[in-house]
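Thank you all for making the time this morning. I would like to walk you through one model, taking the contact between its chains and then the contact with DNA, so please have the structure open in front of you.

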Number of protein chains: 2
Amino acid sequence: MSVTIKDVAKNANVSIATVSRVLAGKKEAYSSSTERKVKKAIRELGYKKNTAAVELVTMHSNVIAVLVPTPKTNFAMKIIDSIQKGADMKNLNVIILFVGDNDEKMQIKALNNVIERPVNGILLISVELFGDAVNLLKNSDIPHVFVSTAIDKESQFVSSDDFKIGYEATKFLIEKGHKKIGLSSLEKNSFIGRQRVSGYLAALNDYHLPHSNDWIVEGDYSYESGFSAMQHYKENTDITAVIGASDLVAIGIINAAKQLNINVPNQLAVVSIDGTYLVDIVSPRVTSVTQSFFTMGETALNMLFADENAVSNYMYIPFKIDEREST
Amino acid sequence: MSVTIKDVAKNANVSIATVSRVLAGKKEAYSSSTERKVKKAIRELGYKKNTAAVELVTMHSNVIAVLVPTPKTNFAMKIIDSIQKGADMKNLNVIILFVGDNDEKMQIKALNNVIERPVNGILLISVELFGDAVNLLKNSDIPHVFVSTAIDKESQFVSSDDFKIGYEATKFLIEKGHKKIGLSSLEKNSFIGRQRVSGYLAALNDYHLPHSNDWIVEGDYSYESGFSAMQHYKENTDITAVIGASDLVAIGIINAAKQLNINVPNQLAVVSIDGTYLVDIVSPRVTSVTQSFFTMGETALNMLFADENAVSNYMYIPFKIDEREST
DNA sequence: ACACTTTGCGTAAACGTTTACAATGCCTAC
DNA sequence: GTAGGCATTGTAAACGTTTACGCAAAGTGT
């Protein structure tokens with residue numbers, strides 16, 4: 001079988017306790033000559049720690065798990081990037097799991113996989129948990145924070161203030177002179193979707209502008225749903241501006257507009273929400289509500305390890321509006 | 001502390017062995033009345049398996065690890081997607097780890113993290129391992145296969161035939177009438193980079209066309225490196241076509257060309273390698289050598305569990321050329 | 001020379017499972 | 001009535017670590 005601490009101990013002529021101490025680097029507990037012997041044995045035998053055994057006895061690991069809906073969520077990568085960097089500094093290992101989108105069974109499977117081992121914490125990026133999955137997580141007493149999403153204000157989360165995003169994006173367009181503004185391809189029943197719609201409506205209201213149900217279209221943040229939303233707008237409305245719920249949605253709208261001979265930005269102004277690198281590689285480059293995904297990841301990681309009582313449950317990360325060529 | 005199998009046993013009035021058997025679903029080994037008792041106790045106590053203990057005693061887990069260079073590698077997501085789907089069917093859990101790019105220390109750290117637990121297999125997507133990291137992996141006797149990359153033909157890998165990609169992309173452009181063709185932003189010293197360059201040169205040679213060192217530019221598959229490659233071409237060459245080593249590179253070239261008032265495809269034809277969704281959302285839409293990333297992931301997973309002796313070490317996945325607006 | 005402290009190391013228990021083996025009771029066949 | 005078989009359950013060892021505890025040797029201060 002594989003090399004264990006016992007083999008090392010025998011080879012170095014010390015006890016397993018000593019080997020363990022050298023491994024753990026408890027410097028005050030062994031002499032430098034034993035250290036040499038042990039390290040030599042470790043090298044010669046090619047010894048590898050058995051993490052399962054370690055975790056069993058210590059009841060603790062230095063792993064944090066990051067759950068992401070699907071590999072397609074492109075902004076999530078930016079968040080993961082910052083989590084990874086932060087974790088490296090804290091000497092934590094990060095593992096990422098994709099939980100299927102909209103599938104309670106898959107969510108539960110992924111959650112169980114994570115809960116059944118002693119992970120240090122769980123970060124859920126943009127995943128909306130369903131019924132039983134929520135309870136599973138809540139009852140696990142593993143610290144967890146939601147990132148760029150939330151189920152309610154009781155659980156810990158960090159995200160942008162999506163009400164404000166809806167509001168500011170709308171306000172931005174209103175102040176450019178638009179009066180009929182679409183809001184495209186968000187999930188109306190999700191926490192985030194509701195917030196954004198509220199913000200959007202609040203802005204219209206503050207400026208005494210009417211609104212229409214036809215202006216808000218449901219969707220799933222995808223390129224395709226943006227593309228087809230544009231068809232809907234063309235046929236059913238006379239909006240002059242539209243907010244895409246994600247970069248891809250906005251790009252889908254723009255490309256559909258092109259196909260319909262609608263000029264962006266002259267006949268239709270488009271603002272996207274997210275501001276990933278995509279907005280800069282398409283043409284026209286897309287004006288965006290740019291979220292600080294990097295900060296979001298950092299903050300989430302800190303929140304995970306913060307004293308539970310010291311911090312508030314949730315945290316909003318500032319965003320900004322970057323004007324580009326689509327408005 | 002947390003609920004263990006002992007608590008369940010006590011609560012259900014059976015031995016821990018019985019609980020374990022019910023948990024494992026060894027149907028022939030217990031009566032349905034005990035099953036009921038045990039399951040009830042499990043539910044009431046909210047018992048969760050301790051994976052560390054299980055893995056310790058069984059010396060085996062149903063986890064496969066996927067290593068990816070950085071969260072930025074956008075085609076990797078497609079591969080991961082298929083791996084995930086395949087793994088779900090096989091009832092395996094997938095964990096993803098990002099190993100830093102070009103950093104031996106990080107690679108070793110990530111590898112150790114994985115090797116030290118009983119993972120079933122390791123898939124390395126597009127990661128080029130450095131010196132010690134290679135040995136670490138080879139000595140671990142954990143089955144592993146490289147995906148969309150390789151270190152040599154001795155280790156198992158699945159990828160496109162990058163020589164052929166270089167050859168076919170070049171041939172495609174030659175047959176469209178181009179004689180001076182650039183190859184942009186690949187890492188000349190990587191396995192893949194060398195293969196593509198060879199294929200490219202072979203095609204030029206087969207058609208009795210000259211080549212120039214100025215036509216091949218080193219880079220890192222990024223948008224930026226494509227962008228700056230274009231400046232180089234404009235200043236130092238008179239090429240009429242260029243192959244971008246990735247979609248982002250090609251898009252960078254196209255956008256830089258736009259800025260330099262070079263019309264694509266009329267003055268410069270551009271072909272990208274990869275063919276992810278990006279080629280369809282920019283304009284002009286990019287002609288691409290489209291790799292079958294989905295198949296690649298599937299195949300890699302199968303190879304991981306195939307009988308070691310039955311299959312050849314490596315496997316090439318077919319690709320195709322999709323002509324779009326950039327040529 | 002003595003008592004006390006420090007340094008370095010070993011012994012053994014514990015972590016939560018799985019599983020080989022043994023034990024029990026019951027059933028069937030003679 | 002006895003032997004053998006089967007179904008169901010329990011006992012205990014094992015997996016590879018960490019760490020509390022204890023002990024010996026060496027050092028220190030008087």
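Let me begin with a question: how many residues of chain B are in contact with chain A, and how many residues of chain A do they meet? In this model, which I should say at once is a predicted one, 45 residues of chain B are in contact with 45 residues of chain A. The area buried between chain B and chain A comes to about 4000 Å², and carbon and sulfur atoms give 56% of that area. If you look for the residues that contribute to it on the chain B side, B:E116, B:R117 and B:I281 supply 15% of the area that chain B buries against chain A, which is more than any other three residues supply.

B:R117 also takes part in a salt bridge, its partner being A:E55, with the closest N and O atoms 3.3 Å apart. Between chain B and chain A the count is 4 salt bridges, and there are 14 residue pairs in polar contact, counting pairs in which both residues are at pLDDT 80 or more. As for where the touching side of chain B comes from, at least two residues each are supplied by α4, α5 (74–89), β2 (93–98), α6 (104–115), α11 (247–259) and α12 (278–281) of chain B. By residue type, that side of chain B divides into 24 nonpolar, 10 polar and 11 charged residues.

Let me turn now to the DNA. There are 28 residues around DNA strand D, and those that come nearest are A:I5, A:S20, A:Y47, B:S15 and B:R21. Of the atoms of DNA strand D that come within 4 Å of the protein, sugar and phosphate account for 64%. Which distances to phosphate oxygens can we quote for A:Y47 and B:T18? An N or O atom in the side chain of A:Y47 is 2.6 Å from a phosphate oxygen of DNA strand D, while for the side chain of B:T18 the corresponding distance is 2.9 Å. With B:S31 it is a polar backbone atom that lies 3.0 Å from a phosphate oxygen of the strand.

The elements that give two or more residues to this surface are α2 (16–24) and α4 (51–58) of chain A, together with α2 (16–24) and α4 (51–58) of chain B. The largest share, 5 residues, comes from α4(A). The surface near DNA strand D divides into 15 nonpolar, 8 polar and 5 charged residues.

Methods:
Residues numbered from 1 in each chain as written. Chains lettered and ligands numbered in written order. Predicted model: local features only at pLDDT ≥ 70, side-chain atom pairs only at ≥ 80, totals over all residues. Heavy atoms only, no water. Near = heavy atom within 4 Å. Polar contact = N/O pair within 3.5 Å; in protein donor to acceptor, adjacent residues only side chain to side chain. Helix = DSSP H or I, 4+ residues; strand = E, 2+ residues; numbered from the N terminus. Nonpolar A, V, L, I, M, F, W, Y, C, P; charged D, E, K, R; others polar. Contact = heavy atoms within 4.5 Å. Buried area = accessible area lost by both parts, 1.4 Å probe. Salt bridge = Lys/Arg side-chain N within 4 Å of Asp/Glu carboxyl O.
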